Amino acid sequence: RAFMNAVAATTLGAAPAAQAMDAKDLVRTDLPRSSVFLDDIAELQSKEMRPGVPAPPPDFVVYLTAFLINYDAVWYRWWQLQKKVVPMYFKPKYRYDYQARKQYVRDRFRASSVALSNELQGIPPEAICRALFVRYTRGGGRFPSASRQLLLLFTQLPREMQPMQLMEQLAREPPRRVAHQDYVLTTENVYLKDGFYIPQLLPDGSTVVYDVDEDKWATAVTRRIFKLAPTATSFSGRDLNAIPLVPGMETDFTPISAGILALCGCLACLVTHVVVQPLDMIKTRQQTVSRGEPFLKVATDMVTSDQFGSVLLAAASEAVGYACYGLVIYPSFELGKLWLAGQIGPVAADEYRVFLVLLASTFASSLGCVVTTPWEACKIRI
(Lines give C-alpha, C1' and ligand atoms only; values in the text may rest on other atoms or scores of the structure.)
Protein backbone atom coordinates (compact mmCIF):
# COMPACT_ATOMS: atom_id res chain seq x y z
CA ARG A 1 0.00 0.00 0.00
CA ALA A 2 2.90 2.23 -0.51
CA PHE A 3 1.57 4.77 -3.03
CA MET A 4 4.04 7.63 -2.83
CA ASN A 5 7.51 8.88 -1.94
CA ALA A 6 8.19 11.80 0.36
CA VAL A 7 8.44 15.41 -0.77
CA ALA A 8 11.65 17.33 -0.37
CA ALA A 9 10.90 20.81 0.85
CA THR A 10 12.11 23.46 3.23
CA THR A 11 12.54 21.82 6.61
CA LEU A 12 13.96 22.60 10.01
CA GLY A 13 17.62 22.29 9.19
CA ALA A 14 17.33 20.21 6.00
CA ALA A 15 20.25 20.10 3.62
CA PRO A 16 19.97 22.10 0.37
CA ALA A 17 20.39 18.95 -1.71
CA ALA A 18 17.39 17.40 -0.03
CA GLN A 19 15.35 20.55 -0.58
CA ALA A 20 15.99 20.43 -4.32
CA MET A 21 14.40 17.02 -4.90
CA ASP A 22 11.81 16.83 -7.66
CA ALA A 23 8.14 16.56 -6.72
CA LYS A 24 7.92 13.23 -8.58
CA ASP A 25 10.15 11.75 -5.90
CA LEU A 26 7.53 12.31 -3.24
CA VAL A 27 6.19 8.90 -3.29
CA ARG A 28 5.92 5.21 -2.68
CA THR A 29 6.70 5.38 1.05
CA ASP A 30 4.58 5.90 4.13
CA LEU A 31 7.09 8.38 5.58
CA PRO A 32 8.85 11.42 4.05
CA ARG A 33 12.37 10.52 3.02
CA SER A 34 14.03 13.86 3.69
CA SER A 35 12.79 14.32 7.25
CA VAL A 36 15.53 15.54 9.57
CA PHE A 37 13.71 13.94 12.50
CA LEU A 38 13.92 10.56 10.78
CA ASP A 39 17.62 11.26 10.25
CA ASP A 40 17.88 11.79 14.00
CA ILE A 41 16.08 8.48 14.56
CA ALA A 42 18.45 6.73 12.17
CA GLU A 43 21.37 8.07 14.16
CA LEU A 44 19.79 6.82 17.37
CA GLN A 45 19.29 3.41 15.77
CA SER A 46 23.03 3.20 15.14
CA LYS A 47 24.01 4.41 18.62
CA GLU A 48 21.31 3.56 21.14
CA MET A 49 19.41 0.63 19.63
CA ARG A 50 18.56 -1.93 22.28
CA PRO A 51 17.04 -5.24 21.18
CA GLY A 52 13.88 -6.03 23.07
CA VAL A 53 12.90 -2.44 23.79
CA PRO A 54 9.24 -2.11 22.74
CA ALA A 55 7.96 0.66 20.55
CA PRO A 56 6.20 3.55 22.32
CA PRO A 57 2.47 3.05 23.00
CA PRO A 58 0.06 3.57 20.07
CA ASP A 59 -1.45 6.79 21.46
CA PHE A 60 2.01 8.35 21.65
CA VAL A 61 2.83 7.30 18.07
CA VAL A 62 -0.46 8.66 16.73
CA TYR A 63 0.02 12.00 18.47
CA LEU A 64 3.65 12.14 17.33
CA THR A 65 2.61 11.58 13.69
CA ALA A 66 0.10 14.43 13.91
CA PHE A 67 2.65 16.62 15.72
CA LEU A 68 5.23 16.16 12.95
CA ILE A 69 2.67 16.99 10.26
CA ASN A 70 1.85 20.18 12.17
CA TYR A 71 5.36 21.32 13.09
CA ASP A 72 7.78 19.90 10.52
CA ALA A 73 7.75 21.56 7.09
CA VAL A 74 8.69 18.39 5.21
CA TRP A 75 6.04 16.30 6.92
CA TYR A 76 3.49 19.03 6.32
CA ARG A 77 4.15 19.24 2.56
CA TRP A 78 4.36 15.48 2.26
CA TRP A 79 0.93 15.10 3.88
CA GLN A 80 -0.57 17.82 1.68
CA LEU A 81 0.71 16.12 -1.46
CA GLN A 82 -0.89 12.76 -0.65
CA LYS A 83 -4.06 13.88 -2.42
CA LYS A 84 -2.13 14.42 -5.67
CA VAL A 85 -1.07 10.79 -5.88
CA VAL A 86 -4.36 9.09 -5.06
CA PRO A 87 -4.48 5.97 -7.31
CA MET A 88 -6.05 6.88 -10.64
CA TYR A 89 -8.73 4.21 -10.48
CA PHE A 90 -9.77 5.41 -7.00
CA LYS A 91 -9.95 9.15 -7.77
CA PRO A 92 -13.68 9.24 -8.66
CA LYS A 93 -14.58 7.80 -5.27
CA TYR A 94 -12.08 10.06 -3.49
CA ARG A 95 -13.58 13.17 -5.10
CA TYR A 96 -17.29 12.42 -4.85
CA ASP A 97 -17.75 9.87 -2.06
CA TYR A 98 -17.27 11.42 1.38
CA GLN A 99 -17.11 8.11 3.21
CA ALA A 100 -14.51 6.67 0.82
CA ARG A 101 -12.42 9.86 1.05
CA LYS A 102 -12.57 9.85 4.84
CA GLN A 103 -11.58 6.19 4.99
CA TYR A 104 -8.72 6.70 2.55
CA VAL A 105 -7.31 9.62 4.60
CA ARG A 106 -7.55 7.54 7.75
CA ASP A 107 -5.77 4.65 6.01
CA ARG A 108 -2.91 6.88 4.91
CA PHE A 109 -2.56 8.36 8.41
CA ARG A 110 -2.69 4.85 9.89
CA ALA A 111 -0.01 3.59 7.49
CA SER A 112 2.25 6.53 8.39
CA SER A 113 1.76 5.95 12.13
CA VAL A 114 2.53 2.25 11.80
CA ALA A 115 5.63 2.96 9.71
CA LEU A 116 6.81 5.52 12.28
CA SER A 117 6.21 3.03 15.09
CA ASN A 118 8.41 0.51 13.26
CA GLU A 119 11.16 3.13 12.98
CA LEU A 120 11.03 3.77 16.73
CA GLN A 121 11.21 0.08 17.64
CA GLY A 122 14.18 -0.72 19.87
CA ILE A 123 15.05 2.92 20.68
CA PRO A 124 14.67 3.95 24.34
CA PRO A 125 11.72 6.37 24.72
CA GLU A 126 13.93 8.80 26.64
CA ALA A 127 16.23 9.09 23.62
CA ILE A 128 13.27 9.70 21.32
CA CYS A 129 11.93 12.43 23.59
CA ARG A 130 15.35 14.04 23.83
CA ALA A 131 15.67 14.11 20.04
CA LEU A 132 12.25 15.75 19.76
CA PHE A 133 13.14 18.28 22.46
CA VAL A 134 16.39 19.26 20.76
CA ARG A 135 14.94 19.38 17.27
CA TYR A 136 11.74 21.33 17.94
CA THR A 137 12.59 23.59 20.88
CA ARG A 138 16.30 24.36 20.57
CA GLY A 139 17.47 23.49 17.09
CA GLY A 140 15.24 25.70 14.97
CA GLY A 141 11.69 25.28 16.17
CA ARG A 142 9.64 27.87 14.28
CA PHE A 143 6.36 27.63 16.14
CA PRO A 144 5.70 29.14 19.59
CA SER A 145 3.32 26.35 20.54
CA ALA A 146 5.71 23.49 19.70
CA SER A 147 6.99 23.28 23.27
CA ARG A 148 3.51 23.05 24.71
CA GLN A 149 2.53 20.34 22.22
CA LEU A 150 5.66 18.39 23.07
CA LEU A 151 4.59 18.43 26.71
CA LEU A 152 1.15 17.13 25.73
CA LEU A 153 2.86 14.48 23.59
CA PHE A 154 5.06 13.28 26.45
CA THR A 155 2.00 12.85 28.70
CA GLN A 156 0.87 10.10 26.33
CA LEU A 157 3.71 7.91 27.63
CA PRO A 158 3.36 5.59 30.63
CA ARG A 159 5.07 6.58 33.88
CA GLU A 160 8.23 4.56 33.36
CA MET A 161 8.81 6.11 29.93
CA GLN A 162 8.10 9.78 30.74
CA PRO A 163 11.13 12.13 30.57
CA MET A 164 10.44 13.99 33.81
CA GLN A 165 13.29 16.50 33.51
CA LEU A 166 12.36 17.48 29.95
CA MET A 167 8.71 17.83 30.89
CA GLU A 168 9.60 20.15 33.75
CA GLN A 169 11.51 22.34 31.32
CA LEU A 170 8.59 22.38 28.88
CA ALA A 171 5.96 23.20 31.49
CA ARG A 172 5.27 26.88 32.02
CA GLU A 173 4.49 26.22 35.65
CA PRO A 174 4.39 23.21 37.96
CA PRO A 175 1.35 21.05 37.17
CA ARG A 176 -1.56 20.79 39.56
CA ARG A 177 -1.22 17.72 41.77
CA VAL A 178 -4.40 15.64 41.78
CA ALA A 179 -5.52 12.21 42.85
CA HIS A 180 -6.17 9.64 40.16
CA GLN A 181 -9.93 9.64 40.73
CA ASP A 182 -10.17 13.42 40.49
CA TYR A 183 -9.62 13.73 36.72
CA VAL A 184 -10.45 11.95 33.47
CA LEU A 185 -7.75 11.15 30.93
CA THR A 186 -8.15 12.39 27.37
CA THR A 187 -8.88 9.60 24.89
CA GLU A 188 -9.55 11.53 21.66
CA ASN A 189 -6.45 13.62 21.05
CA VAL A 190 -6.10 13.75 17.25
CA TYR A 191 -8.77 14.72 14.74
CA LEU A 192 -8.54 14.15 10.98
CA LYS A 193 -10.46 16.42 8.63
CA ASP A 194 -12.17 15.69 5.32
CA GLY A 195 -9.12 15.47 3.06
CA PHE A 196 -5.38 15.79 3.61
CA TYR A 197 -5.55 18.83 5.84
CA ILE A 198 -3.41 19.33 8.96
CA PRO A 199 -4.62 17.03 11.75
CA GLN A 200 -6.00 18.88 14.75
CA LEU A 201 -4.21 18.32 18.05
CA LEU A 202 -5.21 19.07 21.61
CA PRO A 203 -5.45 22.84 22.22
CA ASP A 204 -2.42 24.48 23.82
CA GLY A 205 -4.59 25.35 26.81
CA SER A 206 -5.25 21.71 27.68
CA THR A 207 -4.92 20.92 31.36
CA VAL A 208 -1.74 19.06 32.31
CA VAL A 209 -1.86 17.52 35.80
CA TYR A 210 0.41 15.43 37.98
CA ASP A 211 -1.21 12.21 39.15
CA VAL A 212 0.12 11.67 42.68
CA ASP A 213 -1.26 8.15 42.81
CA GLU A 214 0.31 7.03 39.54
CA ASP A 215 3.36 9.29 39.93
CA LYS A 216 3.08 10.54 36.33
CA TRP A 217 2.08 13.52 34.23
CA ALA A 218 -1.25 13.33 32.40
CA THR A 219 -3.54 15.42 30.21
CA ALA A 220 -7.02 15.76 31.66
CA VAL A 221 -10.21 16.12 29.67
CA THR A 222 -10.83 19.80 29.04
CA ARG A 223 -13.18 21.92 27.00
CA ARG A 224 -11.73 22.42 23.53
CA ILE A 225 -10.92 26.05 22.81
CA PHE A 226 -11.13 25.68 19.05
CA LYS A 227 -13.96 24.64 16.78
CA LEU A 228 -13.69 21.26 15.13
CA ALA A 229 -14.49 20.97 11.44
CA PRO A 230 -17.98 19.44 10.87
CA THR A 231 -16.44 16.44 9.10
CA ALA A 232 -13.52 15.92 11.53
CA THR A 233 -13.25 12.46 13.07
CA SER A 234 -11.09 11.36 15.98
CA PHE A 235 -8.13 9.03 15.56
CA SER A 236 -6.46 7.26 18.47
CA GLY A 237 -4.13 4.37 19.15
CA ARG A 238 -7.07 1.96 18.94
CA ASP A 239 -7.47 2.79 15.26
CA LEU A 240 -4.02 1.47 14.35
CA ASN A 241 -5.44 -2.05 14.38
CA ALA A 242 -8.42 -1.25 12.15
CA ILE A 243 -8.73 -3.07 8.84
CA PRO A 244 -7.69 -0.65 6.07
CA LEU A 245 -9.63 -0.02 2.91
CA VAL A 246 -7.76 -1.37 -0.13
CA PRO A 247 -8.85 0.71 -3.16
CA GLY A 248 -9.50 -1.58 -6.09
CA MET A 249 -12.00 -2.80 -8.62
CA GLU A 250 -14.44 -4.00 -6.01
CA THR A 251 -14.82 -0.42 -4.74
CA ASP A 252 -15.17 1.23 -8.17
CA PHE A 253 -16.93 -1.07 -10.64
CA THR A 254 -20.13 -3.07 -10.14
CA PRO A 255 -22.76 -4.48 -12.53
CA ILE A 256 -24.95 -1.49 -11.71
CA SER A 257 -22.23 1.00 -12.62
CA ALA A 258 -21.54 -0.97 -15.81
CA GLY A 259 -25.23 -0.79 -16.72
CA ILE A 260 -25.34 2.95 -16.09
CA LEU A 261 -22.27 3.50 -18.25
CA ALA A 262 -23.73 1.34 -21.03
CA LEU A 263 -27.02 3.26 -20.96
CA CYS A 264 -25.26 6.64 -20.97
CA GLY A 265 -23.02 5.58 -23.84
CA CYS A 266 -25.98 4.25 -25.82
CA LEU A 267 -27.98 7.47 -25.45
CA ALA A 268 -25.00 9.75 -26.09
CA CYS A 269 -23.91 8.01 -29.30
CA LEU A 270 -27.50 7.53 -30.51
CA VAL A 271 -28.45 11.19 -30.21
CA THR A 272 -25.14 12.49 -31.55
CA HIS A 273 -25.01 10.34 -34.67
CA VAL A 274 -28.72 10.65 -35.54
CA VAL A 275 -28.32 14.43 -35.52
CA VAL A 276 -25.04 14.41 -37.45
CA GLN A 277 -25.90 11.69 -40.02
CA PRO A 278 -28.07 13.86 -42.35
CA LEU A 279 -25.44 16.61 -42.30
CA ASP A 280 -22.80 14.04 -43.17
CA MET A 281 -24.81 12.77 -46.14
CA ILE A 282 -25.37 16.33 -47.42
CA LYS A 283 -21.63 17.01 -47.13
CA THR A 284 -20.80 13.79 -49.00
CA ARG A 285 -23.21 14.61 -51.86
CA GLN A 286 -21.88 18.16 -52.06
CA GLN A 287 -18.34 16.84 -52.42
CA THR A 288 -19.17 14.16 -55.01
CA VAL A 289 -22.31 14.70 -57.12
CA SER A 290 -23.19 18.36 -56.65
CA ARG A 291 -19.75 19.85 -56.91
CA GLY A 292 -19.63 23.57 -56.22
CA GLU A 293 -23.30 23.92 -55.20
CA PRO A 294 -24.13 25.64 -51.90
CA PHE A 295 -24.80 23.48 -48.87
CA LEU A 296 -28.41 24.65 -48.44
CA LYS A 297 -29.28 24.01 -52.11
CA VAL A 298 -27.92 20.47 -51.91
CA ALA A 299 -29.95 19.87 -48.75
CA THR A 300 -33.13 21.25 -50.39
CA ASP A 301 -32.65 19.05 -53.46
CA MET A 302 -32.25 15.96 -51.30
CA VAL A 303 -35.43 16.74 -49.33
CA THR A 304 -37.56 17.41 -52.45
CA SER A 305 -36.23 14.40 -54.35
CA ASP A 306 -36.81 10.73 -53.75
CA GLN A 307 -33.49 10.46 -51.92
CA PHE A 308 -34.94 11.70 -48.63
CA GLY A 309 -36.15 8.20 -47.80
CA SER A 310 -32.60 6.94 -48.16
CA VAL A 311 -31.47 9.59 -45.71
CA LEU A 312 -33.93 8.35 -43.14
CA LEU A 313 -32.94 4.71 -43.68
CA ALA A 314 -29.26 5.58 -43.38
CA ALA A 315 -29.99 7.54 -40.20
CA ALA A 316 -31.81 4.52 -38.77
CA SER A 317 -28.87 2.28 -39.59
CA GLU A 318 -26.51 4.83 -38.08
CA ALA A 319 -28.64 5.05 -34.93
CA VAL A 320 -28.67 1.30 -34.34
CA GLY A 321 -24.98 0.89 -35.08
CA TYR A 322 -23.73 3.67 -32.84
CA ALA A 323 -26.19 2.87 -30.07
CA CYS A 324 -24.50 -0.53 -29.95
CA TYR A 325 -21.13 1.22 -30.14
CA GLY A 326 -21.88 3.39 -27.09
CA LEU A 327 -23.39 0.39 -25.31
CA VAL A 328 -20.05 -1.41 -25.59
CA ILE A 329 -17.33 1.24 -25.50
CA TYR A 330 -18.27 3.14 -22.32
CA PRO A 331 -18.28 0.23 -19.84
CA SER A 332 -15.46 -1.64 -21.62
CA PHE A 333 -13.19 1.42 -21.39
CA GLU A 334 -13.71 1.74 -17.61
CA LEU A 335 -13.48 -1.99 -17.09
CA GLY A 336 -10.30 -2.10 -19.17
CA LYS A 337 -8.65 0.61 -17.04
CA LEU A 338 -9.55 -1.14 -13.80
CA TRP A 339 -8.48 -4.57 -15.04
CA LEU A 340 -5.12 -3.30 -16.29
CA ALA A 341 -4.55 -1.40 -13.02
CA GLY A 342 -5.32 -4.55 -11.09
CA GLN A 343 -2.84 -6.54 -13.17
CA ILE A 344 0.13 -4.19 -12.82
CA GLY A 345 -0.60 -2.87 -9.32
CA PRO A 346 -1.51 0.61 -8.03
CA VAL A 347 2.04 1.99 -8.06
CA ALA A 348 2.72 1.10 -11.70
CA ALA A 349 -0.82 2.14 -12.69
CA ASP A 350 -0.26 5.60 -11.26
CA GLU A 351 3.20 5.89 -12.81
CA TYR A 352 2.10 4.80 -16.32
CA ARG A 353 -1.47 6.09 -16.27
CA VAL A 354 -1.29 7.71 -19.73
CA PHE A 355 -0.17 4.48 -21.38
CA LEU A 356 -2.81 2.58 -19.40
CA VAL A 357 -5.59 4.90 -20.61
CA LEU A 358 -4.41 4.62 -24.23
CA LEU A 359 -4.32 0.84 -24.01
CA ALA A 360 -7.77 0.67 -22.43
CA SER A 361 -9.24 3.03 -25.04
CA THR A 362 -7.71 0.94 -27.85
CA PHE A 363 -9.29 -2.19 -26.39
CA ALA A 364 -12.70 -0.49 -26.03
CA SER A 365 -12.60 1.03 -29.52
CA SER A 366 -11.77 -2.35 -31.04
CA LEU A 367 -14.82 -3.91 -29.43
CA GLY A 368 -16.93 -0.97 -30.54
CA CYS A 369 -15.81 -1.34 -34.16
CA VAL A 370 -16.76 -5.02 -34.17
CA VAL A 371 -20.39 -4.24 -33.33
CA THR A 372 -20.55 -1.12 -35.53
CA THR A 373 -19.07 -2.46 -38.78
CA PRO A 374 -22.17 -4.44 -39.97
CA TRP A 375 -24.39 -1.40 -39.56
CA GLU A 376 -21.87 0.82 -41.34
CA ALA A 377 -21.99 -1.60 -44.28
CA CYS A 378 -25.79 -1.31 -44.34
CA LYS A 379 -25.60 2.48 -44.31
CA ILE A 380 -23.16 2.52 -47.23
CA ARG A 381 -25.40 0.22 -49.33
CA ILE A 382 -28.39 2.43 -48.57
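**Exercise 1.** In this predicted model, determine whether W75 and W78 are buried or exposed, and then classify the geometry of the ring pair that they form.

*Solution.* Begin with accessibility: both W75 and W78 are buried, and for W78 the relative accessibility is 0%, which lies under the 20% limit for a buried residue. Next, place the two residues in the secondary structure: W75 and W78 both belong to helix α4, which spans residues 73-80, and they are three residues apart, about one turn of the helix. Finally, turn to the rings, for which a pair is described by the distance of the centres and the angle of the planes. The centres of W75 and W78 are 5.9 Å apart and the planes make an angle of 75 degrees; because an angle over 60 degrees counts as edge-to-face, the pair of W75 and W78 is edge-to-face.

**Exercise 2.** Classify the pair formed by W78 and W79, and state which aromatic cluster contains these residues.

*Solution.* The ring centres of W78 and W79 are separated by 6.2 Å, and their planes stand at 45 degrees. The distance is within the 6.5 Å cut-off, and the angle is neither under 30 nor over 60 degrees, so the pair is tilted. As for accessibility, W79 counts as buried because its relative accessibility is 0%. The wider setting is one aromatic cluster formed by W75, W78, W79, Y104, F109, F196 and F235, and the structure as a whole holds ten aromatic pairs.

**Exercise 3.** Which ring does the charged end of K83 sit over, and at what distance from its centre?

*Solution.* The ring in question is that of Y197, and the charged end of K83 sits over this ring at 5.9 Å from its centre.

**Exercise 4.** Locate S206, decide whether S206 is buried or exposed, and identify the backbone oxygen that lies 2.7 Å from a polar atom of its side chain.

*Solution.* S206 is found in the loop between β2 (190-192) and β3 (208-211). With a relative accessibility of 1%, S206 counts as buried. The backbone oxygen is that of P203, which lies 2.7 Å from a polar side-chain atom of S206.

**Exercise 5.** How many disulfides does a search of the whole structure find, and which cysteine sulfur is nearest to that of C324?

*Solution.* The search of the whole structure finds zero disulfides. For C324, the nearest cysteine sulfur is that of C266, at 7.3 Å, whereas a disulfide requires the sulfur atoms to be within 2.5 Å; C324 is therefore in no disulfide. With regard to accessibility, C324 is partly exposed at a relative accessible area of 27%, and C369, at 43% relative accessibility, also counts as partly exposed.

Terms used
Residues numbered from 1 in each chain as written. Predicted model: local features only at pLDDT ≥ 70, side-chain atom pairs only at ≥ 80, totals over all residues. Heavy atoms only, no water. Phe/Tyr/Trp six-rings, centres within 6.5 Å; stacked < 30°, edge-to-face > 60°. Helix = DSSP H or I, 4+ residues; strand = E, 2+ residues; numbered from the N terminus. Buried < 20%, exposed > 50% of the residue type's maximum accessible area, 1.4 Å probe, protein only. Lys NZ or Arg CZ within 6 Å of the ring centre and 35° of its normal. Polar contact = N/O pair within 3.5 Å; in protein donor to acceptor, adjacent residues only side chain to side chain.
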